[in-house]
Amino acid sequence: MRRFVLFFFILLLAVCSSSAAFAQMNAMPQYNRLTFMQVAARVESVNTLQNPHSGRYGMHLFARDAFSNRYLVHICPQWYAENHPNQFTFNLGDQLIISGSRFATGLTQNNIFAATIVNCSRSYLELRIRDPYTGSPLWDNQPDNLLEKIQEIQKKLFSKRSQFVRQSMDQIIASKTNTSYPPIARQNSARYSYPSQNNSGRYPSFGVDRILSVF
């Protein structure tokens with residue numbers, strides 16, 4: 001019995017640890033200044049990738065350093081890059097000095113939240129993207145981002161309201177279904193009432209006035 005309990009406890013601990021590791025791997029990564037790094041690399045490709053957590057599209061680039069280490073650099077949302085085309089322009093082979101927070105995902109172990117990028121191939125143009133200490137993006141207070149946040153809030157409110165309406169309708173339908181109604185009683189109308197027999201077994205005779213009142 002003790003062996004069974006011990007085996008069950010070890011199995012439960014292994015399942016909990018694996019679930020926590022899986023959740024941490026699939027969680028939205030955050031900027032961490034403790035993993036801040038700086039690397040010199042050349043641009044291999046510039047891509048527009050979709051964030052699997054938020055569903056938004058962002059500007060990314062793959063760069064390789066002198067030791068053949070390949071990095072996936074997370075730059076900014078695509079709309080922000082399109083609003084500043086002169087700054088967010090990279091060509092294949094550009095020599096960059098990338099500074100930012102390094103993190104790992106299921107796609108690659110070498111990910112960088114870019115804080116600053118110095119393009120040595122463009123007269124050392126410095127591109128500031130995030131705060132190097134806090135990681136706060138510089139596009140947080142932009143009008144497009146505010147509009148995007150408002151649309152997200154509206155979607156959440158609409159989904160909650162529609163869910164509330166759906167639950168209310170389900171409750172009403174359930175209450176109507178469970179309620180037993182009494183049979184509808186017909187009103188005694190002279191037009192639809194039939195005369196009853198008298199003591200002699202014959203139907204009474206109607207006068208003209210009674211017939212006119214019936215019809």
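Biologist: Is Y80 buried or exposed?

Modeller: Keep in mind that this is a predicted model. Anything under 20% relative accessible area counts as buried. Y80 comes in below that cut-off, so we call it buried, with a relative accessibility of 9%.

Biologist: Which residue forms an edge-to-face aromatic pair with Y80?

Modeller: A search of the whole structure turns up four aromatic pairs. In one of them, the centre of the Y80 ring is 5.6 Å from that of its partner, with 70° between the planes. Planes over 60 degrees apart count as edge-to-face, which fits this pair. The partner of Y80 is F88.

Biologist: What is the relative accessible area of F88?

Modeller: F88 also belongs to a cluster, where ring pairs link it with W79, Y80 and W139. Like Y80, which is buried, F88 counts as buried, because its relative accessible area is just 7%.

Biologist: Are the rings of F103 and F113 stacked or edge-to-face?

Modeller: F103 is in strand β4 and F113 in strand β5, ten residues apart, and the pair links distant parts of the chain. Both F103 and F113 are buried. Their ring centres are 4.3 Å apart and their planes sit at 25°, so the pair is stacked.

Biologist: Which ring does the charged end of R70 sit over?

Modeller: For an Arg, the test asks for CZ within 6 Å of the ring centre, along with a limit on the angle. The charged end of R70 is 4.1 Å from the centre of the ring in question, and that ring belongs to F62.

Biologist: How many residues are in the largest nonpolar core?

Modeller: In soluble globular proteins, nonpolar side chains tend to be buried together. Here, the residues touching the most other members of the core are I75, C76, F88, I98, I117 and I129. Elements giving it two or more residues include β1, β2 and α2. The core's full count is 24 residues.

Biologist: Is R128 buried or exposed?

Modeller: R128 is found in strand β6. Beyond four places in sequence, R128 is in contact with A115, T116 and L138. The C-alpha atoms of R128 and T116 are separated by 4.6 Å, though the two are twelve residues apart along the chain. Since its relative accessible area is 59%, R128 is exposed.

Biologist: What is the average pLDDT of the protein?

Modeller: Confidence varies along the chain: pLDDT stays under 50 over residues 184-194 and also over residues 208-215. On the other hand, 61% of the residues score at least 70. The average pLDDT is 75.

Key. Residues are numbered from 1 along each chain as its sequence is written. This is a predicted model: local features need pLDDT of at least 70, side-chain atom pairs count only at pLDDT 80 or more; totals for chains, interfaces and linings use all residues. Side-chain values use heavy atoms; hydrogens and water are left out. Rings of Phe, Tyr and Trp (its six-membered ring) pair if their centres lie within 6.5 Å; planes under 30 degrees apart count as stacked, over 60 as edge-to-face and the rest as tilted. Buried means under 20% relative accessible area, exposed over 50%, partly exposed in between (1.4 Å probe, protein chains only). Helices (H or I, at least four residues) and strands (E, at least two) are DSSP runs, numbered from the N terminus. A charge sits over a ring if NZ of Lys or CZ of Arg is within 6 Å of the ring centre and within 35 degrees of the ring normal. A nonpolar core is a set of buried Ala, Val, Leu, Ile, Met, Phe, Trp, Tyr and Cys residues joined through side-chain atoms within 4.5 Å. pLDDT is the predictor's confidence in each residue, from 0 to 100. Contact means heavy atoms within 4.5 Å.
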